[in-house]
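Please take a moment with the sequence and the model before reading on. The paragraphs below are meant to be followed with the structure in view.

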Amino acid sequence: MESKKYSNVQVNIKDIIFVFLPILISVVIQYVVIIGDIIVLFIMNVLSDERSAKTISAATILERDYNQPMNMAFMSVARYLVYGLVFCTWYYKVYVRDNSKGAENKVGEIIKTSCKKTFASIIPLILIIVGYASQLFVDAIMTLVRPIFTEAFAQYDKLVANVVGVYSSPVMLIAVIILAPIAEEFMFRGLVQGYALKSISPMWGIILQGFLFGLYHGNIVQGVYAFVLGTLLGYLAYRYKTLVPGIILHMAINASLLIIPKSLFETTTTTVITAVVTGIAIIVGLVVMFKKDSKLVENIEIVEE
C-alpha cells in the first residue's frame with residue numbers, strides 16, 4: 001500500500017485540522033436540518049385549521065410530529081442533499097479545480113481513465129456481489145454475537161427499523177441507498193482521506209478515515225463494521241483514484257438490507273455456514289477484481305507521473 005510518492009510526507013497541522021473539519025461540519029448541518037424541520041412543523045401546525053396555535057408547543061411537535069417515519073425520511077433526504085452539495089463542491093474545488101500547475105487537467109484525466117476502464121469491465125458487477133456478500137456476512141456475525149451484546153444491539157435495531165419493515169418508505173430508501181453513499185464517500189473517502197494522505201502514509205490515512213467513519217455512525221454495532229467497510233472503501237478510493245467504485249460498493253451494501261433472507265440466520269448452523277460462504281465470496285471477489293484491474297491501475301499511475 002505504501003509508495004515512493006508518500007515516502008517523504010510531512011505532517012501539516014492545517015491538513016490534520018481539515019481531516020476532522022468535514023465531520024464537524026456534518027454535525028452542524030444535522031442540527032441545522034433538525035431545527036429547520038421543527039420550524040417547518042411548527043408553521044404547518046399554526047396554519048392548520050384543525051389545531052389551535054395556543055395548544056401548540058415544541059414538546060407537542062416533537063412528540064406528535066417529529067418522530068413520525070415520513071418526517072424522519074424527509075429529514076434524512078434533506079440532510080444528505082445538503083451533505084452532497086457541501087462536500088461534493090468542496091471536493092471539486094480542492095481536488096479537481098486546482099488551476100495551479102495544470103493540476104485540473106491531470107486530475108480530470110485520472111478520473112476519466114479510471115471511470116472509463118471501470119465501467120468497461122466486470123468491476124461494477126463484482127462490487128455489487130461483494131456488497132451483498134458483505135451485508136450477509138455482517139448480519140451473520142451480528143446474529144452470532146447478539147446474545148452477548150444485547151444492550152448494544154437495541155439501538156442498532158431501532159436504526160434499521162427506519163429502513164426496513166413497517167418504517168420503510170420510498171423516500172427513506174432513496175436517502176439510504178442513493179444519497180447517503182454519495183454524500184458519505186465524498187465526505188470520508190474524498191475529503192477526510194484526501195487531507196489525511198497529505199500528512200500521513202496511505203495505510204494510516206485509510207485506517208484513520210475508516211475509524212472516523214465508524215465513530216460517525218454513533219453506535220458501537222454500526223461503528224465496528226463501518227470501520228471495516230470504511231477501510232475497504234478507503235482502499236478502493238486510493239487504488240482507483242476515484243470515488244466511483246466505492247460509491248457502487250456502498251450503494252450495494254445499503255441496498256442489500258432489503259433482500260436479506262431471514263432463513264439464513266434461523267439456526268446457529270445456517271448462520272455459521274452463511275458467514276463462511278459469504279466471507280469466502282468477499283475474498284474471492286476482491287482478489288478477482290484486483291487481478292482484473294491491474295492494467296487499469298497501471299494506466300492511472302502512468303497518468304500521474
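What follows goes from the chain as a whole to its helices and then to single residues.

The model is a predicted one, and a careful reading therefore begins with how confident the predictor was, since pLDDT is its confidence in each residue, from 0 to 100. Over the whole chain the mean pLDDT is 82, and 76% of the residues reach 70 or more. Confidence is highest in helix α8, residues 202–216, where the mean is 95, and lowest in helix α12, residues 294–304, where the mean is 57. At the start of the chain, residues 1–7 stay under 50 in pLDDT, although the model has 14 contacts beyond four places in sequence for this stretch. Where pLDDT is low, the predicted coordinates should not be read in detail.

With that caution in mind, the overall build can be described. The chain holds 12 helices and zero strands, and from the N terminus on its elements run α-α-α-α-α-α-α-α-α-α-α-α. Of its 305 residues, 44% count as buried. Among contacts between residues at least 6 apart in sequence, 78% join residues at least 24 apart.

Helix α10 is a good place to see how helices meet, and two of its partners are described here. With helix α7 (residues 170–196), helix α10 (residues 244–255) packs at an angle of about 140°, the two axes being 9 Å apart. Because angles over 145 degrees would be needed for roughly antiparallel, this angle makes α7 oblique to α10. The crossing in which α7 passes α10 is right-handed. On the side of α7, the residues in contact are V176, I177, I178, P181, I182, E184, E185, F186 and R189, and they meet G246, I247, H250, M251, N254 and A255 of α10. Sorted by class, this contact of α7 with α10 has nine nonpolar, three polar and three charged residues.

The second partner is helix α5, residues 123–145, whose axis comes within 8 Å of that of α10 and crosses it at roughly 40°. Because only angles under 35 degrees count as roughly parallel, α5 is oblique to α10. The crossing of α5 and α10 is right-handed. Here α5 contributes P124, L127, I128, V130, G131, S134 and Q135, while α10 contributes P245, I248, L249, A252 and I253. By class, the contact of α5 with α10 has nine nonpolar, three polar and no charged residues.

Just ahead of these packing residues of α10 lies a loop, and K241 has its place there, between α9 and α10. What is the sign of the phi angle of K241? Phi of K241 is near 60°, a positive value in a residue other than glycine. Most residues other than glycine have a negative phi. K241 has a relative accessible area of 24% and therefore counts as partly exposed.

Two buried residues show what surrounds a side chain in the helices. Q222 lies in helix α9, residues 220–240, and with 16% relative accessibility it counts as buried, because the limit for buried is under 20%. Leaving aside residues up to four places away in sequence, Q222 touches Y156, L159 and H217. T274 belongs to helix α11, residues 268–292, and is buried, with a relative accessible area of 7%. Which residues does T274 touch, not counting those up to four places away in sequence? The residues are L136, A140, L264 and F265.

Two further residues bring in helices from earlier in the chain. I17 has its place in helix α1, residues 13–47, and at 51% relative accessibility it counts as exposed, because exposed means over 50%. The C-alpha atoms of I17 and A196 are separated by 9.4 Å, whereas along the chain these residues are 179 apart. V82 is found in helix α3, residues 69–96, and is partly exposed, with a relative accessible area of 33%. Between the C-alpha atoms of V82 and I29 the separation is 7.4 Å, and along the chain the two are 53 residues apart.

Conventions:
Residues are numbered from 1 along each chain as its sequence is written. This is a predicted model: local features need pLDDT of at least 70, side-chain atom pairs count only at pLDDT 80 or more; totals for chains, interfaces and linings use all residues. Side-chain values use heavy atoms; hydrogens and water are left out. Helices (H or I, at least four residues) and strands (E, at least two) are DSSP runs, numbered from the N terminus. Buried means under 20% relative accessible area, exposed over 50%, partly exposed in between (1.4 Å probe, protein chains only). Contact means heavy atoms within 4.5 Å. Axes are lines fitted to C-alpha atoms, for helices over the stretch in contact, and angles run from 0 to 180 degrees between N-to-C directions. Angles under 35 degrees count as roughly parallel, over 145 as roughly antiparallel, 65 to 115 as roughly perpendicular and the rest as oblique. A crossing is left-handed if the near helix is turned anticlockwise from the far one by less than a right angle, and right-handed if clockwise. Ala, Val, Leu, Ile, Met, Phe, Trp, Tyr, Cys and Pro count as nonpolar, Asp, Glu, Lys and Arg as charged, and the others, Gly among them, as polar.
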